[in-house]
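Subject: Handover of a structure and findings

Dear colleague,

Please find below the structure that I am handing over to you. I would be grateful if you could keep it open while reading the notes that come after it.

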Amino acid sequence: MIGEYMKNKILNIIKIAVIIELLVALLNFNLTTIFLSLFTLSLLFLTDYIKKKLELPYKLQLLIYIFIIGTEVLGEIHNLYNKVWYYDDIMHTLSSFIVASLSIYILNKITKDNNKKLVVVFSLLLSMAVAAIWEITEFTIDNVFNKDMQKDTVV
C-alpha cells in the first residue's frame, strides 16, 4: 500500500513536470505551449479540488491526472496525436474508463441499492453520452473555428 505521503509526492511530481514544461515555454516564448501548460495546471488543481469535495479514491485521481497529461502535454504540446495514429483512440478509451469509474463511484455514493444491472447500464450510457457530446464538440469547433480537433485532416 502506498502511503499518503507517497501519493501526494507522485501527484506533485506530475505538477512539477508541467511547471518545467511551462518554464521552457516561457524561455522560448512559445505562446501555445504556455497557454496549454497553464490550462493543464488549472485542470490538475481542479482535479485536486474535486477529489476533496467528492472524496474520490486516489487511483481515480491518478487516472484523471494521467489523462490530463496524456491529452494536453503529450497529445497537444508534444504532438502525439499526429505522430501516433492510434493515440486519439487510446485517449478516448481512457476517458471512457474514467467516466465509467466516476459514474460507478457517484452512483454508489448516492444510492445504497447495489443493483449491478443499474450500475452497469448507467455507467455504460453515461460513458457513451459523454463520448458523443465530445465528438459533437470536436466537429463543431472544427467547422466553426476552422480547427483540427478531430485530427483527421491537416489544417
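The notes below go from the whole chain to single residues.

Please bear in mind throughout that this is a predicted model.

The chain as a whole

The chain contains six helices and zero strands. Read from the N terminus, the order of its elements is therefore α-α-α-α-α-α, each of them being a DSSP run. Along the principal axes, the C-alpha atoms occupy a box of roughly 55 × 40 × 25 Å. Of the 155 residues in the chain, 32% are buried. If one takes the contacts between residues at least 6 apart in sequence, 51% of them link residues at least 24 apart.

Helix α1 and the residue after it

Helix α1 covers residues 4-28, which is 25 residues. From its first C-alpha to its last, α1 reaches 36 Å, close to the 36 Å expected at 1.5 Å a residue. Which residues of α1 are buried? They are K7, L11, I14, K15, V18, E21, L22 and A25. The elements that cover these buried residues include α2 (31-54) and α3 (58-77).

Directly after α1 comes F29, which sits in the loop between α1 and α2. The phi angle of F29 is near 50°, a positive value in a residue other than glycine. F29 has a relative accessible area of 61%, which is over the 50% cut-off, so F29 is exposed.

A second positive phi angle

N79 is located in the loop between α3 and α4. Its phi is near 60°, again a positive value in a residue other than glycine. Is N79 buried, exposed or partly exposed? With a relative accessibility of 30%, N79 counts as partly exposed, because this value falls between the cut-offs of 20% and 50%.

Aromatic pairs

The structure has three aromatic pairs, and two of them are described here. In the pair of Y81 and Y87, the ring centres are 5.3 Å apart and the planes stand at 70°; an angle over 60 degrees counts as edge-to-face, so this pair is edge-to-face. Y81 and Y87 are both buried.

W85 and Y86 also form an edge-to-face pair, with 5.2 Å from centre to centre and 85° between the planes. How exposed are the two partners of this pair? W85 is exposed, at a relative accessible area of 73%, whereas Y86 is partly exposed, at 40%.

E138 and its contact

E138 belongs to helix α6, which spans residues 116-145. The relative accessibility of E138 is 4%, under the 20% cut-off, and E138 therefore counts as buried. The side chain of E138 is joined to the side chain of W134 by a polar contact of 2.7 Å.

The largest pocket

The largest pocket holds about 1200 Å³ of space. It is lined by 37 residues, and those closest to its centre are L43, F67, T71, E72 and W134. W134 is thus a residue to look at twice, as the polar contact with E138 also involves its side chain. Which helices each supply at least two residues of the lining? They are α2, α3, α4 (80-83), α5 (87-110) and α6.

With kind regards

Technical notes: Residues are numbered from 1 along each chain as its sequence is written. This is a predicted model: local features need pLDDT of at least 70, side-chain atom pairs count only at pLDDT 80 or more; totals for chains, interfaces and linings use all residues. Side-chain values use heavy atoms; hydrogens and water are left out. Helices (H or I, at least four residues) and strands (E, at least two) are DSSP runs, numbered from the N terminus. The expected span of a helix is 1.5 Å times one less than its number of residues. Buried means under 20% relative accessible area, exposed over 50%, partly exposed in between (1.4 Å probe, protein chains only). Contact means heavy atoms within 4.5 Å. Rings of Phe, Tyr and Trp (its six-membered ring) pair if their centres lie within 6.5 Å; planes under 30 degrees apart count as stacked, over 60 as edge-to-face and the rest as tilted. A polar contact is a pair of N or O atoms within 3.5 Å; within protein, one must be able to donate a hydrogen and the other to accept it, and residues adjacent in sequence count only if both atoms are side-chain atoms. On a 1 Å grid over the protein atoms alone, a cavity is a set of points where a 1.4 Å probe fits but cannot get out, and a pocket is an open set with protein on both sides within 12 Å along at least five of seven lines; lining residues have an atom within 4 Å of a point. Grid points are joined across faces, edges and corners, and a volume is the space filled by probe spheres set on the points.
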